[in-house]
Amino acid sequence: IMDTSDEWIRERTGIAERRWVEPGTTGAAMAADASRMALEAAHVEAREVDAIVLATLSPDHCFPGTGVFLQRELGLSPVPALDLRAQCSGFLYGLSVADAWIRSGQYRTVLLVGVEIQSTGLDLTTEGRDMAVLFGDGAGAAVLRGSEDTDRGVLSTHLHSQGEHAEILWCDASASYRHPRITAEDLEEGRHYPRMEGKEVFKHAVQRMPEVVGEALDANGLTASDIDLLIPHQANLRISQMVQRRLGLRDDQVFNNIQRYGNTTAATIPIALHEARQQGLVKAGDLICFVGLGSGLNWGAALHRC
Ligand code: UT7
């Protein structure tokens with residue numbers, strides 16, 4: 001369907017497979033599946049959830065956000081449902097919000113979900129091949145709960161944004177400051193497709209991701225050698241490998257699964273966390289570091305003691 005090759009994709013990105021939804025599957029339904037799995041793993045009943053944070057750049061509708069549709073699927077009315085738009089850093093921003101809500105005492109149990117349907121929004125012509133080969137659909141979820149045990153849980157979160165780089169990875173249309181928000185010309189010119197200056201984003205990622213991990217470690221009096229598992233946002237295997245090298249981490253300290261899913265944006269970190277747990281790589285007492293950078297630019301890191 002476009003001029004590309006398996007060899008190019010594997011070499012430049014590490015991606016061998018990606019999952020696309022059947023037409024008609026909603027993000028809310030995928031988010032609900034992931035939420036049920038997370039609730040079961042956490043031994044928490046859905047009715048114990050006090051608030052929902054849902055991160056996505058591909059909402060099911062313009063408004064309201066996917067969070068309320070998830071809430072409806074889970075039968076959780078009237079707990080608050082917050083949609084968060086921080087793209088590839090959505091899960092990290094959501095983790096920060098959920099952690100702050102819990103620390104402040106506002107809510108005790110927060111369901112945090114990252115979900116994306118990218119496949120329906122890609123330019124599948126050769127012109128869009130740099131983006132189209134990267135992205136997959138997916139959902140991941142985590143349950144956060146307040147505890148008196150201060151040695152465990154989220155140690156800290158560190159977030160940054162740089163709006164001056166907004167257009168190096170963005171989707172121009174539809175645009176609410178234009179009337180109509182999307183025109184036939186927009187569609188003809190492909191302004192409804194995501195566009196990226198890949199090399200520029202790459203450069204920012206390999207600089208900012210190690211930097212913000214360092215910031216998180218410093219804030220907690222820790223060093224890179226203390227990290228048991230780094231779970232980076234899965235955008236490109238070469239990015240994860242450069243971040244690993246810059247932090248001086250061994251292969252067994254970094255978890256990657258982009259090979260099978262491609263970039264699922266806000267869902268990559270929770271999907272990776274789930275698979276790392278399934279593979280027995282997350283043990284009690286381990287220090288887990290999450291890190292990511294993406295459209296915004298938004299980036300961040302979080303440290304979690306299991
Ligand atoms: O999650 C959000 C954050 N996103 C990222 O972090 C992504 C960061 N960027 C990247 O991962 C990489 O820049 C890409 C994978 C997107 C591209 O890799 P690259 O090594 O930077 O390639 P490039 O864009 O410089 O393109 C090199 C060549 C070009 O051809 P010419 O101009 O040299 O003739 C592209 O047209 O590769 C061509 N190309 C492709 N060829 C085959 C671009 N995409 C493809 C493709 N198949 N899918």
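**Exercise 1. Describe how helix α2 is placed against helix α3 in this predicted model, and state which residues make the contact.**

Solution. Begin with the two axes: helix α2 (residues 27-42) and helix α3 (residues 66-74) have axes that come within 9 Å and cross at roughly 55°. The next step is to put a word to that angle, and because of it α2 is oblique to α3. As for the hand, α2 and α3 make a right-handed crossing. Turning to the residues, α2 brings Gly 27, Ala 28, Ala 29, Ala 31, Ala 32, Ser 35 and Arg 36 to the contact, while α3 brings Thr 66, Phe 69, Leu 70, Glu 73 and Leu 74. When these residues are sorted by class, the contact of α2 with α3 turns out to have seven nonpolar, three polar and two charged residues.

**Exercise 2. Carry out the same steps for helix α7 and helix α8.**

Solution. Recall that two packed helices are described by the angle between their axes and the distance between the axes. Here the axes of helix α7 (residues 198-219) and helix α8 (residues 237-247) cross at roughly 40° and come within 9 Å. An angle under 35 degrees would count as roughly parallel, and the crossing angle therefore makes α7 oblique to α8. The crossing in which α7 passes α8 is right-handed. On the side of α7 the contact holds Phe 202, Ala 205, Val 206, Gln 207, Met 209, Pro 210 and Val 213, and these meet Arg 238, Ile 239, Met 242, Val 243, Arg 246 and Leu 247 in α8. Sorted by class, the contact of α7 with α8 has 10 nonpolar, one polar and two charged residues.

**Exercise 3. Find the largest cavity and describe its lining.**

Solution. Rolling a probe the size of a water molecule over the atoms shows where empty space is left. The structure holds one cavity of 30 Å³ or more, and the volume of the largest cavity is about 30 Å³. Its lining is formed by Gln 234, Asn 257, Ile 258, Tyr 261, Gly 262, Thr 264, Thr 268 and Ile 271. To relate this lining to the helices, note that α9 (258-261) and α10 (268-278) each supply at least two of its residues. By class, the lining of the largest cavity has three nonpolar, five polar and no charged residues.

**Exercise 4. Locate the cis peptide bonds at Ser 174 and Pro 180, and then place the positive phi of Gln 87.**

Solution. Take the bond between Ala 173 and Ser 174, which is cis with an omega of about 10°; Ser 174 lies in the loop between β6 (169-170) and α6 (184-189). Next take the bond between His 179 and Pro 180, which is cis with an omega of about 0°, and Pro 180 is in the loop between β6 and α6. Finally, Gln 87, a residue other than glycine, has a positive phi near 50°, and Gln 87 sits in the loop between β2 (81-84) and α4 (90-104).

Technical notes: Residues numbered from 1 in each chain as written. Predicted model: local features only at pLDDT ≥ 70, side-chain atom pairs only at ≥ 80, totals over all residues. Heavy atoms only, no water. 1 Å grid on protein atoms, 1.4 Å probe; cavity = no way out; pocket = protein on both sides within 12 Å on 5 of 7 lines; lining within 4 Å. Points joined across faces, edges and corners; volume = space filled by probe spheres on them. Helix = DSSP H or I, 4+ residues; strand = E, 2+ residues; numbered from the N terminus. Nonpolar A, V, L, I, M, F, W, Y, C, P; charged D, E, K, R; others polar. Axes fitted to C-alpha atoms, helices over the stretch in contact; angles between N-to-C directions. Parallel < 35°, antiparallel > 145°, perpendicular 65-115°, else oblique. Left-handed = near helix turned anticlockwise from the far one by under 90°. Contact = heavy atoms within 4.5 Å.
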